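Trainee: Could you take me through a close look at one part of this model, the strands and how they pair up with their neighbours? I would love one connected walk-through.

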Amino acid sequence: MKTWPLLLLSLILTLNFSPAVANKNSSPTQINFTQQLPTTGNLILGVYTDGELGQFGNQINRQSEGGLQHAIKTTEFKAEIKSSQLITAPKATGLAQILLIGLGEKSAEQSNLVWQELGGYAAQKAAKTFSQIPSMAFDVNHTNTTAQVAFGAQLGSYAFTKYYTDKKRQTIQKNITIVTADEAATTSHYKQELSSVAEAIWYTRDVSNEPANVIYPASFVARWRQYLKDIKNITIKVFDEADMLDINMGAIYGVGRGSQRPPRMMVVEYMNGKKGDAPIVLVGKGITFDTGGISLKNPPNMWNMKYDMSGAASALGTLYAVAGRGAKVNVVAIAALAENMPSANAQRPGDIVTSMSGKTIQIRSTDAEGRLVLADGNYYGDTKYNPALLINLATLTGSASRATGKDYAPMFTRHDELVPQFIEMGKLTGDQLWHMPLNDNHFKAIEADIADVMNSGPDAPGASAGAAFLATFVRETTPWVHLDIAGVAWGSNAIPFKDSPGSTAFGIRLLNAYIKAHHENKP
């Protein structure tokens, strides 16, 4: 019989308590629109090449009797796109300093993506120049264009600084004000189309950037419950380890059994389309930390395996973005969550597990665990919902990142008619994709001698074999796409859409736009 101290220790381990964290979760920077230029403090001002000052620049120039134009000429600022120049503001304006942002040629037709990047660039330059981001005025009269600048600024202000104890290193930007010619219309457009997308990306980055002692299967579920609590038409179901055993989810259970933090499968339904319409199902790999299990990884690079749950975070983030817009569509997000740890209870290379589909899997490497959790996630999502489209998001293979680097996520599918749509949407949103091969040889490569399939092997060709494994658990008649985001889910440098290293929340902009273009409001 256990003594009371041992029983108490057992209870603590079962409840998965983590060390308390004093820092609160960050809140997304809020965007405000106004028609009035500020009369004190600093200003971010967009100007064009060839001396084109634009609406707001001309207003300041008239007020200062040509002082702004003189300052620009004195500094020889060319206003090339994504360039900057700090000047002292003309006295008549009441401002202290103006950060000029080059917008390129006024006659050039810029895409939404370019305007987003300009907004992000301006926010980051201002934060480094002033410590805070002052009001921003770009000469863009179109409501959508101003909103795109604001979207980029909101994303560009993101930085994960919550664990710094030095207040000088903390980044807290509560709001950004954007000057616009039409405050009401721009505010309405932004709230309807872009605000929830920016929030989704912010929350996804926060979850992905957290260390594994804070985000593990149960706390991932709790965090996303909190984010989704105020959104309409949301239903959440969570499978624990007992549920998994009851419905024969042996693949995901096998991965998580080595950890004291047991696996979970979180299923979030957003049903706001026509009743009976098949949903889009997003299934994300959610390995909250990956040691490799018994097939232990190389320790020096193991620290960043906290990002191995990025696919699950982006799946939930995409649903948040779509639901936050109140889109007339049905979407289901499935997060297949486990922590892959070595222990006396961990599965071994050579073990055989039975998936929910009934297919048996020989474990050749416990470090090929992501495809195992997705096997049960895919089968559940496919057979439960009969989806119009099933999409996998997963940091699945190192070979994917070696193939396409940080520029593209490899895309795999058995349905080639989907490829042009996804490639084009990637170009428009900045989450770019590259079509990779998937053929019969890749399926043959995962055949096992003593089970139906194996999860890895000496002759299995990397990313394509991983995609073939995932496809094995999706019916051939179901439209299916797999995005291997191993190379693009996180980065070590700041980019226009984030001001610090870490999670990129890859896939949310892409899939939100894809769903809007191809699945919303269909007759």
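Mentor: Happy to! Before we start, contact here means heavy atoms within 4.5 Å. Keep in mind, too, that this is a predicted model.

Let's begin with the sheet that has 8 strands. It is open, its pairing is mixed, and its order reads β7-β8-β10-β9-β13-β17-β14-β15. At its edges sit β7 (234–239) and β15 (433–435), each of which pairs on one side only. On average, neighbouring strands of this sheet are turned by 20° against each other, direction ignored.

Within that order, look at β8 (residues 264–271) and β10 (residues 330–340): 8 bridges join them in the antiparallel sense. One place to find this pairing is M271, whose bridge partner in β10 is N330.

Now add the helices. Helix α11 (residues 310–324) lies across β7, β8, β9, β10 and β13 (389–394), and runs at about 140° to β9. Helix α8 (residues 217–228) lies across β7, β8, β9 (280–290) and β10, running at about 20° to β8.

Next, turn to strand β4 (residues 97–102). Strand β2 (residues 43–47) pairs with β4 in the parallel sense, over 5 bridges, and there G46 stands opposite I101. Strand β3 (residues 84–88) is also joined to β4 by 5 bridges, but these two run antiparallel; T88 has Q97 of β4 as its bridge partner. Buried means under 20% relative accessible area. Of the 6 residues of β4, 5 are buried, so the strand is largely enclosed by the rest of the structure.

Technical notes: Residues numbered from 1 in each chain as written. Predicted model: local features only at pLDDT ≥ 70, side-chain atom pairs only at ≥ 80, totals over all residues. Heavy atoms only, no water. Buried < 20%, exposed > 50% of the residue type's maximum accessible area, 1.4 Å probe, protein only. Helix = DSSP H or I, 4+ residues; strand = E, 2+ residues; numbered from the N terminus. Pairing = 2+ DSSP bridges. Axes fitted to C-alpha atoms, helices over the stretch in contact; angles between N-to-C directions.
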